[in-house]
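Reader: Hi! I'm new to this one, could you walk me through it?
Author: Happy to, let's put it on screen and then take your questions.

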Amino acid sequence: MRKSLHIKLVLIMVLLIVSLMVVVGAFLMNSVTGYYIDEFYQQIRDAFSQDNVDFVRYLQTATEDEEDGAAMVGAVLSTYEGVLGVDRRNRNFYVLDGATGRFLTGSAPEPEGGIPITPNISTALLGTVGDDSSVTADYMDAAIPITRGGQPYIVYILDSRETARSLNAEMFSLIMEALVLGLIISVLLSFLLAKTMVNPLQRLTNGIEGAARGDFSRKLEVTSGDEIGQLTESFNAMAQQLETTIAAVENERNKLDTLFLHMADGVVAFDREQRVIHVNPAAARLLGRAFTQEDTYAELFGDMFTFQQAESAPSGGLAGSRTVEGRYLELLLAPFAREGQGGVLVLIHDVTEQRKAEQMRKDFVANVSHELRTPLTNIKSYAETLDNGVGELPPEMEHRFLGVILNESDRMTHILQDLLTLSRFDSGRSELRLTTFPFAKAVDDTYQAVLMDAQNHSHTVELALPDNLPQVRADRERIMQVMMNIVSNAIKYTPDGGRIVISAGRAGDDKVWMEVDDNGIGIPEGDRDRIFERFYRVDKARSRQSGGTGLGLSIAQEIMLQHEGTLYLVDKEDPGLTICMELPVVGPREEAAHEG
Ligand code: ADP
């Protein structure tokens, strides 16, 4: 760049100087010639004007018995050579015959071939003064007709213009010298200009090249207040602005990247060529596959909608769904377009948990209906039998039927109470009445409460209570409910004559636990995860027979959760079941609890 601009500067300067010199030279040389010609004719006119009476008179007045008029005219003219500017080298006078234009005499001998009849001589031959000049001719002349002693003569002044020519030649060489000097100065000037103009421009170019590579850190030095200086300043401001904008855009992109990276929903973006341009880890996880550059829309989602359909989807996008590895996915396909770019965005939302919750809700409603319908059907049929046979049934039968009706209504009440309790937990309306009480005492009370029942089933119940059990802060009634539930279950689901062990202890400094182990029917491996579900019972008939609702363990688990404790099955080899509850000593941290 430096070179080309430099050469341009030199060329401009040279052209400027040359054209200036040509114009000035031509003007000067023309002026000199013009001045010389004007001066010549003015001199002739002045000489022959009325003011120069003597000269004209001497020319025209013949002396007495004059023999050679032409010689006389020549003599007068010789006298007045100074007035006429005749120098006998470049300017001469001639006396011509007034009728023929023939040479008679002159300040110089007749030129070879005679004096040519110029236009001015022709004019004078006709009797008028010929003093027209021709700029193009290489001479200038004037022919003045006079009469002397009755004879016509022509006074002819001829100038070879040699003086003007030599003056012009001198001027030309002067101009050429000036031109050479001007050229030297222009080259020097162009170097100076290059230094003041090209160098800052070079710095600016370097800065711009740096900016093009993304380096905005370099601030260019402003060395002048001229246009280049202003340009540098503008560039610095622009670079600063660009740097800020790019940083802001980068920041936004980082935010978006982080969002994409960590969001639970999957996002896959395709360009107009249907190639994957963006995919987040959630999408790969949900779709259960890794993505490569070669993946296309058609192969991934083409089975739902064509790319054209997705591209021209309405504002809400197109909804689809699919099941991948047992997970339910909802998909939303929407086009995006920005500044010529665009494509299709696919959002993948995992609705498995929602579906499960929905299914559980449906199951729950079905279970509730079923659980209530059974006792209701029983009540209805026994009541109808009683109604139909009023007075006809034996009293002991009536008594038994009424007993069944009462039992079934109790069962319904029981179910409804349990449901109410659960619904309170669900809605968060169930507050704990926290008190501080000895944990060992609660375990012992439970043991005492079930002892009779256990004996009725010929079970042996063992209690293993260490001495160091601390006080706990909890809702005693609820904790007792949990304990009663798991011990009663052990009694219920252990065939008569079984062995039940209730033990308790500390887990670290901050927890206590109670474990109930039986050698009863246990729970099949596949059902272990489900026994805390609402209404879930391994053996419905057995449970119902023993007055179970299938809600006991669900309620127990809710109570433990509220206390920030846990209720879980302990793995064991022997037949039967071991269930353990664990409780923090200090009580739940979250004071949703109510002081008891
Ligand atoms: P239920 O009112 O039916 O006892 P629970 O919620 O207390 O309801 O228990 C759920 C189910 O878990 C019971 O129906 C039973 O099948 C199983 N279960 C609970 N405890 C035991 C146990 N100790 N041994 C075997 N199965 C049990």
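Author: What follows is a chat about the ligand, some strands, two helices and a few loop residues of this predicted model.

Reader: Great, let's start with the ligand. How many residues surround the ligand, and which are the closest?
Author: The ligand has 22 residues around it, and the closest are Asn489, Tyr493, Ser543, Thr549 and Leu553.

Reader: What about Thr549, how far is its polar backbone atom from an oxygen atom of the ligand?
Author: That distance is 2.8 Å. Two other backbones come in as well: a backbone N or O atom of Gly550 is 3.0 Å from a ligand oxygen, and for a backbone N or O atom of Leu553 the distance to a ligand oxygen is 2.7 Å.

Reader: And how much of the ligand does the protein bury?
Author: The protein buries 97% of the 530 Å² that the ligand exposes when taken alone.

Reader: You listed Asn489 beside the ligand. Which residues of helix 14 are buried?
Author: Asn489 is one of them. The buried residues of helix 14 also include Arg478, Ile479, Met480, Val482 and Met483.

Reader: What span should helix 14 have, going by its number of residues?
Author: Helix 14 covers residues 476-492, and at 1.5 Å a residue its 17 residues should span 24 Å. The C-alpha atoms at its ends are 24 Å apart, so the span agrees with the expected one.

Reader: Let's switch to helix 13. How far does it reach?
Author: Helix 13 takes in residues 439-456, which makes 18 residues. From first C-alpha to last it reaches 27 Å, close to the expected 26 Å.

Reader: Where is the kink in helix 13 centred?
Author: The kink is centred on Val450 and is about 40°. Val450 is also among the buried residues of helix 13, along with Phe439, Ala442, Val443, Thr446, Tyr447 and Ala454.

Reader: Why would places like 439, 442, 443 and 446 come up together?
Author: There is a general pattern behind that kind of spacing. An α-helix has 3.6 residues a turn, so residues three or four places apart point the same way.

Reader: What comes just after helix 13?
Author: Just after helix 13 you'll find Ser458, with a positive phi of about 55°.

Reader: What sign of phi do most residues other than glycine have?
Author: Most of them have a negative phi. Here Gln274 is another case with a positive value, near 70°, without being a glycine. Glu325 isn't a glycine either, and its phi is positive at about 45°.

Reader: Where does Gln274 sit?
Author: Gln274 is in the loop between strand 5 and strand 6. Those strands form a hairpin with four residues between them. Strand 5 (residues 266-271) and strand 6 (residues 276-279) pair in the antiparallel sense over three bridges, and Val268 stands opposite Val279 of strand 6.

Reader: And Glu325, is that one buried or exposed?
Author: Glu325 is exposed, because its relative accessible area is 67% and exposed means over 50%. Glu325 belongs to the loop between strand 7 and strand 8. In strand 8 (residues 327-338) you'll find Tyr328, which is partly exposed at 34% relative accessible area.

Reader: How far apart are Tyr328 and Leu286?
Author: Their C-alpha atoms are 9.3 Å apart in space, while in sequence Tyr328 and Leu286 are 42 residues apart.

Reader: Last topic: strand 16. How many of its residues are buried?
Author: Seven of the seven residues of strand 16 (residues 578-584) are buried. Thr578, Cys580, Glu582 and Pro584 point one way, whereas Ile579, Met581 and Leu583 point the other way. That fits a general rule: in a regular strand the side chains alternate between the two faces of the sheet.

Reader: Which strands run antiparallel to strand 16?
Author: Strand 14 (residues 511-518) pairs with strand 16 in the antiparallel sense over seven bridges, with Trp513 and Glu582 as bridge partners. Strand 15 (residues 566-570) also runs antiparallel to strand 16 and is joined to it by five bridges; there Leu569 has Ile579 as its bridge partner.

Reader: And Thr578, what is its relative accessible area?
Author: Thr578 has a relative accessible area of 4%, so it counts as buried. Thr578 is 60 residues from Asp518 in sequence, and their C-alpha atoms are 6.4 Å apart in space.

Terms used
Residues numbered from 1 in each chain as written. Predicted model: local features only at pLDDT ≥ 70, side-chain atom pairs only at ≥ 80, totals over all residues. Heavy atoms only, no water. Pairing = 2+ DSSP bridges. Helix = DSSP H or I, 4+ residues; strand = E, 2+ residues; numbered from the N terminus. Expected span 1.5 Å × (residues − 1). Bend = angle between axes of the 7 residues up to and from the residue. Buried < 20%, exposed > 50% of the residue type's maximum accessible area, 1.4 Å probe, protein only. Near = heavy atom within 4 Å. Polar contact = N/O pair within 3.5 Å; in protein donor to acceptor, adjacent residues only side chain to side chain. Areas by Shrake-Rupley, 256 points an atom, 1.4 Å probe, with all protein chains shown as cover.
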